[in-house]
Amino acid sequence: MNSTEIKNHEITYKRNEDFIRITPCAENAIRFEAFPGGEAFDENFTLMPKGAECKIEESENFIQMDVGKLSVKLEKSGKVSFSSEGRVLLEEQPELAFFSGYRHYEQNENGSFSARETFKPNDGEHFFGLGHEESGCFDLKGCSFDLRHVNAKCTVPFIYSSLGYGFLWNNPAVGSVELANNRTRWSVCATQKIDYVVIAGTPKQVAETLADLTGHAPVMPHWATGFWQSRLRYETQEDLLEVARRYKAEGIPLSAIICDYFHWTEQGDYKFDPQYWPNVKAMAKELHEMGTRLIVSVWPTINENSENYRFMLENDMLMKTADGSGKVFNFYGPQAEIDVTNPKTREFVFEKLRENYIENGVDGLWFDEAEPEIHPETFGNLILHLGRGDEIGMLYPYYYAKMAYDGFATISPEPPVTLIRAAYLGAQKFGALVWSGDIFSSFESLKNQVMAGLNMSMCGIPWWNTDIGGFWGADTQSEEFRELIVRWFQYGVFSPVMRLHGNRNRHGEKKRDVKEASGDPNEIWSFGEQNFETLKELVFLRERLRPYIERHMKIAAEKGYPVMRPMFFDFPEDELCYTLGEQYMFGDDIIFAPIVNRGQTEKSVYLPKGEWVLTKSGETFTQGSHVIRAKTDEFVAFVRAGAEVLDCFKG
């Protein structure tokens, strides 16, 4: 039996046990919810619906809602389609040739539902977004993806279509998405509803609406826009200070240096081991006098030897497991995980971070393993304060970032920059600086990272970066890696944050008795004298570019436009721009085309309309494809003719 009701800018529809609610969500944006349990309830997750003026018309066969230039049509059969300016954008598709309904549910034993939503494919459509993953694809059409977080994979369930719309899957459950040639299908394993938002517009229009609906990033602080130094890992206080002192002595600006993991006494203590870090306050003071911020790694793991374990266990601050063990595994064995979806946990843990780190001069936090990293990754076995892991598991890094943001807000008016290995819709408003995880040190990985970063840039999270040089598998003595580090460093200059990190293959024995030995040195002087001069000049270039970057960081905060973005973001009418995954806009005026293959000294670059100046020669080029030569110590970048930023490339 079907029933339809229109009231208060809302359409509701009931067919058997499927209850639908359609509402305006923002200008040119419409929200669709379907409740397999038969009753509507309010749950926004991280979405912040704004509402908007709408027009609703009812005819014999369908009801239509118009919100700005976006329309949704609900047919009496239950079928839903979205269109804009006379063009169909999305249209539901039944799973079987004969009518079988437009959404599929199966009830689980625990009362949740598995759910699928299927749409017809569109010829010539291109998709971008879904966070970062080394898929090797820029255009995601034809791909399938898991909806989950793991190391080196961060799912942000939003896509932008070349047809001129954004699609926000407002569901933090574990599942999958197929952007196939025969269908587009979103599926989750355990949920209480289907929930998504369609946003009509150009890339810039959709980015603005997405920021309004999920949150605007803060303005990135000045200190974070320069060069960051890191490695796995500085074993002692003196090791770290020696590196910072050399940068100072060489006259090389260093914005931040990172103290990596196992600097602590026990996992979950959130404090430095005084055997190796005897005077953190003095260390931080010296760094600050050199103009360098101190960032410290924090993990969400805690073991029974931690001084905080018993209190957190007895006060329900740890993640539970359905099998009753209360333990999960990472690569250091059985651990408990803090439950950051619980506000009590966030308050307690940040107080420890404040007391042991921030009051001793630490400036920022690095939230590693933020998915959280668990082996095997069985979300259905996790029970959190907000619900079962298979239903809300993708929210974990969102609340992890919120813990830092809320805590720092009580200390300083400056927004925090929290380096974090995963994120979710809206994490950008908490100062989440996402990085792409423990990726391999290879040219193939560099190529994949360029495309992954461009897809992340379409998801409303403008602060993103990679480990320059990749994280693991690098021999700093090899010619191949020494070429790779230069090419990756060039890419790092034109990334939202420029951060050198990695676990370099070790030559020789570890220096001392420590809990976890470091890899080989990973500073810019560690890759040969010739490379040192090249990398040093790239750091100086980044320094000159900082005013330009900071201007675009303000735009990112105000409008939601990413600093690093695909070519089609600025040139949506140019069809070729939807195919360009190895070049991108860096702000409004720079086109950067990273070289991503070993031994490559030529790069084919497509220039859109206008006049563009090649930075390395000063030559002016016009629209079209151009082949540019670039030796290993040269890069390929163009600046819009007349733009002031061109002066930064003149040394």
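A charge counts as sitting over a ring if NZ of Lys or CZ of Arg is within 6 Å of the ring centre and within 35 degrees of the ring normal. With that in hand, look at phenylalanine 532 in this predicted model. Arginine 246 lies over the face of that ring, at 5.7 Å from the ring centre. Lysine 536 also lies over the face of phenylalanine 532, this time at 4.9 Å from the centre.

Now for rings that meet other rings. A pair of aromatic rings is described by the distance of the centres and the angle of the planes. Searching the whole structure turns up 48 aromatic pairs. Take tyrosine 261 and phenylalanine 262: their ring centres are 5.0 Å apart and their planes sit at 35 degrees, so this pair is tilted; stacked would need under 30 degrees, and edge-to-face over 60. Tyrosine 261 is buried, with a relative accessible area of 6%, and phenylalanine 262 is buried too, at 13%.

Phenylalanine 481 and phenylalanine 527 make an edge-to-face pair, 5.9 Å from centre to centre with 65 degrees between the planes. This pair ties together distant parts of the chain, 46 residues apart: phenylalanine 481 belongs to helix 9 (residues 479-493), while phenylalanine 527 is in the loop between strand 36 (503-504) and helix 10 (529-559). Both phenylalanine 481 and phenylalanine 527 are buried. Elsewhere, ring pairs join up into a cluster made of Phe32, Phe82, Phe119, Phe167, Trp169, Trp186 and Tyr196.

Next stop, helix 5. Its 14 residues (343-356) should span 20 Å at 1.5 Å a residue, and the end C-alpha atoms are indeed 20 Å apart, so the two figures agree. At the start of helix 5, a side-chain oxygen of asparagine 342 comes to within 2.9 Å of the backbone nitrogen of lysine 344. Which residues of helix 5 are buried? They are Thr345, Arg346, Phe348, Val349, Phe350, Lys352, Leu353 and Asn356. The partners they pack against are strand 23 (293-298), helix 4 (309-314), strand 28 (364-367) and helix 7 (396-409).

Helix 7 is where you'll find phenylalanine 408. Phenylalanine 408 is buried, with a relative accessible area of 7%. Set aside its neighbours within four places in sequence, and phenylalanine 408 is in contact with Phe350, Ile358, Asp363, Gly364, Leu365 and Pro416. Phe350 is one of the buried residues of helix 5. For a longer view, the C-alpha atoms of phenylalanine 408 and lysine 248 are separated by 28 Å, with their positions 160 residues apart along the chain.

Definitions and conventions: Residues numbered from 1 in each chain as written. Predicted model: local features only at pLDDT ≥ 70, side-chain atom pairs only at ≥ 80, totals over all residues. Heavy atoms only, no water. Phe/Tyr/Trp six-rings, centres within 6.5 Å; stacked < 30°, edge-to-face > 60°. Buried < 20%, exposed > 50% of the residue type's maximum accessible area, 1.4 Å probe, protein only. Helix = DSSP H or I, 4+ residues; strand = E, 2+ residues; numbered from the N terminus. Expected span 1.5 Å × (residues − 1). Contact = heavy atoms within 4.5 Å. Polar contact = N/O pair within 3.5 Å; in protein donor to acceptor, adjacent residues only side chain to side chain.
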